[in-house]
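Q: Please take a close look at a single part of this model, and describe it together with whatever surrounds it. I would like one connected account rather than a list.

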Amino acid sequence: MAPPLAKAAGPIALVSGVVFAAVDVARLLTADRSLDRIEMMRQTPFIVANALYWVVFIGLVLALVSVYFRLGGRARGLGAVAFCFALVGTLDMAGNMWFDGFAGPWIADVAPGAILAGGSGMLVIGGFSSYVLFAVGWVVFGIAGWRSHMFPVWLGLLFVVAGLLGYNAGLPPYGIPIGLVMAALGWWIIRTGAPATPPRGVTTRPRS
């Protein structure tokens, strides 16, 4: 019997993807570029949208896990590689977004000069790693996902494009594509009823 997360993979991916994209739209709309950077970071709508962006990363991780539970059995080792790359990259970027959403506003109040000074040392290394790993993770997920027949080629290509754009996912609107593609994957699972595991000894290709 498939675990509950596998059964609900389609709706979870669809809802989490749509909400992820919607929150990034909210970040774009609440970023008042007419203000200087510190003043913009002190605006309540901007603070709330940035904090919510970290929250929706939790949904993105849950969607990824549920999709792997649902479809990973057909992909075997290659699917596991795809899942691990995407999971590591998403968790790394989520940590970056937690800092922006919760530590950033506090720093803007008590030490604005630290923000204006820019990053250096380990802060730069940590930030850069999140951008690279997030992009690489979803690109690998897209390529390995279609090569292993976990999902159709068109979804794999969309994940590759979203992953490349996701290098800048810390800034709106570059997180929107990965949300929309995750939603599309959820829609495909719901529409096709993609089985969690094919019959033993039978190799199946996902329907487009």
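A: A helix here is a DSSP run of H or I with at least four residues, and helices are numbered together from the N terminus. The model is predicted, and the part chosen is helix H8, which takes in residues 176-192. Helix H8 is followed by Gly193, a residue whose phi is positive, near 60°. Over its 17 residues H8 reaches 24 Å from its first C-alpha to its last, close to the 24 Å expected at 1.5 Å a residue.

H8 is mostly covered, with 12 of its 17 residues buried; among them are Ile176, Ile178, Val181, Met182, Leu185, Trp188 and Ile189, together with Gly179 and Gly186. The cover over these buried residues includes helix H2 (9-30), helix H4 (44-110), helix H6 (122-147) and helix H7 (153-165).

Of these neighbours, H2 deserves a further word. H2 has 22 residues and reaches 31 Å between its first and last C-alpha, close to the 32 Å expected. Its buried residues, which include Phe20, Val23, Asp24 and Arg27, pack against helix H1 (4-7), H4 and H8. H2 and H4, both part of the cover of H8, also pack with each other at an angle of about 150°, their axes lying 10 Å apart, and their crossing is left-handed. The residues of that contact between H2 and H4 divide into 19 nonpolar, five polar and three charged.

Conventions
Residues numbered from 1 in each chain as written. Predicted model: local features only at pLDDT ≥ 70, side-chain atom pairs only at ≥ 80, totals over all residues. Heavy atoms only, no water. Helix = DSSP H or I, 4+ residues; strand = E, 2+ residues; numbered from the N terminus. Expected span 1.5 Å × (residues − 1). Buried < 20%, exposed > 50% of the residue type's maximum accessible area, 1.4 Å probe, protein only. Contact = heavy atoms within 4.5 Å. Axes fitted to C-alpha atoms, helices over the stretch in contact; angles between N-to-C directions. Left-handed = near helix turned anticlockwise from the far one by under 90°. Nonpolar A, V, L, I, M, F, W, Y, C, P; charged D, E, K, R; others polar.
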